[in-house]
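Subject: Structure handed over, with notes on what was found

Dear colleague,

Here is the structure that I promised to pass on to you. Please open it next to this message, so that you can look up each residue while you read.

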Amino acid sequence: MLSVAALIFGGCTKGGEEGGSTGTGSTPKPGAIEVAEGKDLVGYVLWDDGTPAKGVVVSDGFSCTATDDKGVYQLTRNIRARNVFLSFPQMAEITVKKNQVPDFFHSINAKANGIIRHDFTIVKRKGAVPRRFQLIIFADSQIRRKSFGEHFSNDFCPDANKTVAESNLPTVGITCGDDGDDNLWHQKRDGEDMTYQTVADCYGALSFPMFHCAGNHDHDKSHSVPKAEGTATKDYYDYYDASVAAFEKAFNPVDYSFNYGSVHFVIMDNIRYYGPSSYDIGFTDEQIEWLRQDLSYVPTTMAVFVSLHASYYRRNMQNKEEFASLLAPYANKWLFIGHSHVNDFKPDINDPKGGKMTEWVLATPMGTFYRADINQTSEPAGYGVVTVSGTEVIDRYYKGAYVSRDEQGRMYDTSCFTHWKSEKDTDGIAWKDKVVGVVFDKTYFSMTDQWTVELWEDDKFSTVMTRYKGIDYAVFDCINATDLSKLTASQSSVILYKATPKSKSSKKKMRLVDWLGREYWVTEMTTTLEDEITGLENGGK
């Protein structure tokens with residue numbers, strides 16, 4: 001029998017925080033809550049018809065619980081908790097607040113005296129849980145200037161909206177961090193006019209819900225935290241919590257989860273930020289404990305998709321093995337990553353239990369820091385598109401903005417670009433006598449290829465093109481035409497393909513076949529990338 005500490009009604013006990021209801025639809029009027037001893041963060045989760053939502057997971061970012069038969073949750077809040085939030089259950093619609101930010105959380109002051117009560121209302125699906133849906137993934141939009149935001153919302157977002165409309169599938173979106181770009185710091189230092197809130201406003205141009213992940217540039221480095229009494233650990237937590245405040249106010253909490261279809265999504269901040277532009281990669285023990293509790297409510301028959309900012313595979317990180325061990329029981333697990341501004345794919349990462357994880361690092365919507373709609377590793381500015389059926393990913397591709405999905409590579413007239421037109425390959429053949437191509441969606445971690453790339457001449461197969469790592473001089477020349485000429489050649493190193501044609505005068509094209517057997521053709525030689533330059537120079541970087 002639970003001992004009762006308080007009988008709390010629709011508001012809160014004296015000294016506590018105002019109650020309320022989060023959600024879309026009607027707002028039922030739930031009754032009092034008999035608060036168990038030691039619990040001080042409570043509330044109802046109700047369906048929009050007023051019935052209890054049983055078994056919904058609610059968290060303060062440190063511990064988790066599930067609602068009882070009456071739809072009541074009760075937690076002992078952590079003194080560092082900044083939000084109370086629920087994990088959208090499978091039968092709930094993903095409702096949004098503003099700017100397509102999903103409506104699943106409420107800000108709290110965990111240091112307030114007394115009991116905090118917040119009630120949630122969620123909207124029940126009218127049909128079945130979607131078996132098939134589409135996921136849109138953005139990484140590193142890094143919107144800092146007004147002109148960057150206008151380009152993002154007026155040009156980039158409509159492309160994503162068109163992709164969604166053409167699919168005719170229910171769609172959710174996630175980011176992989178760095179939605180902003182140290183906005184408050186640049187505002188104070190450079191007089192910029194973009195805050196994290198105005199960055200969020202740019203995302204309002206989307207037509208689908210977008211769940212946000214925090215990256216290193218989403219931590220506010222504009223403030224300083226006085227040296228706290230006590231341990232260095234306390235200093236770190238004081239700084240970290242303050243550094244995410246602006247992001248959380250504009251977007252959502254930094255560690256949370258939700259369910260959609262047969263997939264459990266986990267969004268986590270793996271940037272351990274402890275000073276202006278100073279951070280490590282990984283998870284605190286508290287985050288690992290939160291993830292353990294969150295996953296304890298998720299059956300292993302579901303897939304788990306995780307959005308992080310920094311790569312799991314490529315980085316040493318705190319609590320790396322503990323993180324992977326928690327995911328290990330799930331057969332289908334995908335990691336979606338930003339941070340590196342490249343488009344890399346690793347399909348066979350070993351987990352500690354002998355299973356496999358798949359990691360996709362995505363190139364950016366901003367291209368080359370908004371100076372050109374092309375990334376330093378050759379892809380157009382773009383985003384990821386994933387089609388899920390049940391727990392399986394049945395389609396995945398990188399969608400270049402402003403171009404067709406079928407445009408998955410480029411073939412260069414090497415005589416038009418620096419170095420290629422004047423130098424020789426290691427075999428002694430001049431680059432200008434070769435054909436060079438690039439594929440946008442590639443496996444970068446090893447030379448094991450996911451693609452077949454062929455050179456065709458006069459509509460006949462000529463040869464399989466050889467993969468090599470080098471510099472895409474077309475991109476390098478494009479960057480040099482902007483104010484980012486300080487970027488070095490090594491930063492433009494990518495996976496390319498080369499072949500020596502049988503005839504200089506033949507009509508050439510490239511045939512690309514991806515890992516699912518889909519065929520793409522590149523039929524035109526690229527002679528310049530000047531059309532990719534946006535004119536948004538002098539953004540500084």
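The notes below go through strands, cysteines, two single residues and the empty spaces.

Please keep in mind from the start that this is a predicted model.

I begin with a sheet. It is an open sheet of 5 strands with mixed pairing, and the order of its strands is 29-30-26-25-33. At its edges lie strand 29 (466-471) and strand 33 (525-526), each of which pairs on one side only. The neighbour of strand 33 in that order is strand 25 (residues 409-413), and these two strands run parallel, joined by 2 bridges. If you want to find one of the paired positions on the screen, look for Tyr 412, whose bridge partner in strand 33 is Thr 526. As a general point, the strands of a sheet pair through backbone hydrogen bonds, in either a parallel or an antiparallel way.

For the antiparallel case, please turn to strand 27 (residues 452-457) and strand 28 (residues 460-464), which are joined by 4 bridges. Within this pair, Glu 454 stands opposite Val 464 of strand 28. The two strands form a hairpin with 2 residues between them, and Asp 458, which sits in the turn, has a positive phi of about 50°.

Next come the cysteines. How many disulfides does the structure hold? The number is 0, and it helps to recall that a disulfide is a covalent bond between the sulfur atoms of two cysteines. For Cys 157, the closest cysteine sulfur belongs to Cys 202 and is 7.8 Å away, so the two are too far apart for a bond. For Cys 176, the closest cysteine sulfur is that of Cys 213, and because it is 6.5 Å away, it too is too far for a bond. Cys 157 is buried, with a relative accessible area of 0%, and Cys 176 is likewise buried, with a value of 0%.

Two residues in loops deserve a look of their own. Thr 364 is found in the loop between strand 22 (356-361) and strand 23 (382-389), and it is buried, with a relative accessible area of 0%. The side chain of Thr 364 makes a polar contact, at 2.7 Å, with the side chain of Asn 375. When its neighbours within four places in sequence are left aside, the residues in contact with Thr 364 include Ala 139, Asp 140, His 341 and Tyr 398. Val 123 has its place in the loop between strand 11 (119-122) and strand 12 (132-138), and because its relative accessible area is 12%, under the cut-off of 20%, Val 123 counts as buried. The C-alpha atom of Val 123 is separated by 39 Å from that of Trp 515, which is 392 residues away along the chain.

Finally, there are the empty spaces. The largest pocket holds about 400 Å³ of space. Its lining is made up of 24 residues, and those nearest its centre are Val 403, Glu 407, Gly 409, Arg 410 and Thr 526. Strand 25 and strand 32 (519-522) are the elements that give two or more residues to this lining. There are also 3 cavities of 30 Å³ or more, and the largest cavity has a volume of about 200 Å³. Of the 19 residues that line the largest cavity, Gly 61, Phe 62, Arg 82, Val 254 and Asp 255 lie nearest its centre. Two or more lining residues come from each of strand 8 (83-86), helix 4 (232-243) and helix 6 (285-295).

With best wishes

Note on methods
Residues numbered from 1 in each chain as written. Predicted model: local features only at pLDDT ≥ 70, side-chain atom pairs only at ≥ 80, totals over all residues. Heavy atoms only, no water. Pairing = 2+ DSSP bridges. Disulfide = S-S within 2.5 Å. Buried < 20%, exposed > 50% of the residue type's maximum accessible area, 1.4 Å probe, protein only. Polar contact = N/O pair within 3.5 Å; in protein donor to acceptor, adjacent residues only side chain to side chain. Contact = heavy atoms within 4.5 Å. 1 Å grid on protein atoms, 1.4 Å probe; cavity = no way out; pocket = protein on both sides within 12 Å on 5 of 7 lines; lining within 4 Å. Points joined across faces, edges and corners; volume = space filled by probe spheres on them.
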